[in-house]
Amino acid sequence: MSQNSSRREAMRAQQQAEEAAARRRKIVGIVSGVLVIAIIAAVVIWAVNRDKGSEEATGPQVKPPSATGSAHAYVVNKGKAKKGAPVLKVYEDFQCPVCKQVEDIFGKKFEALAASGDIELQWQTLTFLDDKVPGESSQRAAVAAACADTANKLAPYHDTVFAHQPEEGTGYTDDQLRGAFAKDAGITGADLTKFQKCYDTKATKDFATNAAEEGLKEGMKLEKKFGTPFMTVDGKPWNDWTNLAEANQNQLLDAIKKAAK
């Protein structure tokens with residue numbers, strides 16, 4: 001073997017080791033972040049019964065089409081899940097930085113499993129970080145996502161909001177939520193007009209508020225130190241995701257099925 005070949009192999013091995021180390025650091029950051037956010041959630045549990053958002057709705061309230069039955073969560077690709085498919089529920093806050101990390105790592109894989117019907121993917125949107133960051137950014141983002149669902153663009157809008165998460169402590173702007181994000185998610189023409197009216201009149205405020213309150217109550221019952229991100233499989237806490245950052249889609253499905261047994 002030539003000296004150049006040996007050098008290339010050594011450099012490749014070093015690069016692979018560095019990439020693996022970076023992935024491990026990312027997971028360590030996620031686990032640490034979960035603990036930090038859990039503490040915040042415990043501090044603000046008093047907010048469960050508080051009316052989220054000081055601005056009142058100015059129009060009739062609507063229920064997003066992807067909402068689960070009588071509950072206030074979303075089913076992604078509603079109606080696609082195969083009979084007996086495990087239900088993966090993700091509790092998240094649009095301002096939660098660790099939730100964004102989880103979305104970056106797992107989001108597309110979870111959505112693909114939902115699109116194929118191998119799992120039923122649910123999103124439970126919380127807004128408790130509004131008690132830490134002024135401006136009701138989580139609440140406004142939750143209202144906007146519910147409005148996007150009325151335009152049949154829940155998943156792309158949800159993904160866009162997380163992709164453009166602002167620096168911690170700053171929050172989303174109305175121009176982003178009602179304009180740029182909607183267009184990035186593919187909401188155009190008459191649907192854009194409908195979406196913006198929904199956002200401006202806060203037509204989904206009741207849904208977003210109830211989702212946040214119910215999600216926090218559920219989480220505190222399931223986990224003593226509950227915080228976002230948090231996941232359940234068929235209603236049972238699922239923490240193994242912290243070990244699966246490098247898993248492919250099939251490996252994730254196997255892990256979810258195992259947790260459902």
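Okay, the crossing of H3 and H6: it's right-handed, meaning the near helix is turned clockwise from the far one by less than a right angle, whereas anticlockwise would make it left-handed. H3 covers residues 137-150 and H6 covers residues 189-200, and their axes come within 9 Å and cross at roughly 145°. Axes here are lines fitted to C-alpha atoms, for helices over the stretch in contact, and angles run from 0 to 180 degrees between N-to-C directions. Helices are DSSP runs of H or I with at least four residues, strands are runs of E with at least two, and both are numbered from the N terminus.

Before I go on: this is a predicted model, where local features need pLDDT of at least 70 and side-chain atom pairs count only at pLDDT 80 or more, while totals for chains, interfaces and linings use all residues. Residues are numbered from 1 along each chain as its sequence is written, and side-chain values use heavy atoms, with hydrogens and water left out.

Back to that pair. On the H3 side, the contact (heavy atoms within 4.5 Å) involves Arg 140, Val 143, Ala 144, Cys 147, Ala 148 and Thr 150, and H6 brings Lys 194, Phe 195, Cys 198 and Tyr 199. Sorted by type, that's seven nonpolar, one polar and two charged. For the sorting, Ala, Val, Leu, Ile, Met, Phe, Trp, Tyr, Cys and Pro count as nonpolar, Asp, Glu, Lys and Arg as charged, and the others, Gly among them, as polar.

H6 also has H5, residues 174-184, to deal with: those axes come within 11 Å and cross at roughly 160°. So H5 and H6 are roughly antiparallel, the label for angles over 145 degrees; under 35 is roughly parallel, 65 to 115 roughly perpendicular, and the rest oblique. This crossing is right-handed. Among the residues in the contact are Leu 177 and Ala 182 of H5, and Leu 192 and Phe 195 of H6. The split there is five nonpolar, two polar and four charged.

Next pair: H2 and H4 (residues 154-163) pack at about 150°, axes 10 Å apart. That makes them roughly antiparallel, and H2 passes H4 in a left-handed crossing. From H2 you get Cys 99, Lys 100, Glu 103, Lys 108 and Glu 111, meeting Ala 155, His 158, Asp 159, Phe 162 and Ala 163 in H4. Here the tally is four nonpolar, one polar and five charged.

Now, the sheet. In what order do the five strands sit? They go E1-E3-E2-E4-E5, as an open sheet with mixed pairing; two strands pair if DSSP finds at least two bridges between them. E1 (74-76) and E5 (236-237) are the edges, each pairing on one side only. E1 pairs with E3 (residues 120-126) in the antiparallel sense over three bridges, and Tyr 74 stands opposite Trp 123 in E3. H8, residues 249-260, packs on the sheet too, touching E2, E4 and E5, its direction at about 65° to that of E4.

Salt bridges: a side-chain nitrogen of Lys or Arg within 4 Å of a carboxyl oxygen of Asp or Glu. The count comes to six. In one of them, Lys 82 pairs with Asp 118, with the closest N and O atoms 3.0 Å apart.

Last, two backbone oddities. Most residues other than glycine have a negative phi, and most peptide bonds are trans. Asn 77, though, has a positive phi of about 55°, and it's in the loop between E1 and E2. The peptide bond from Thr 228 to Pro 229 is cis, omega near 0°.
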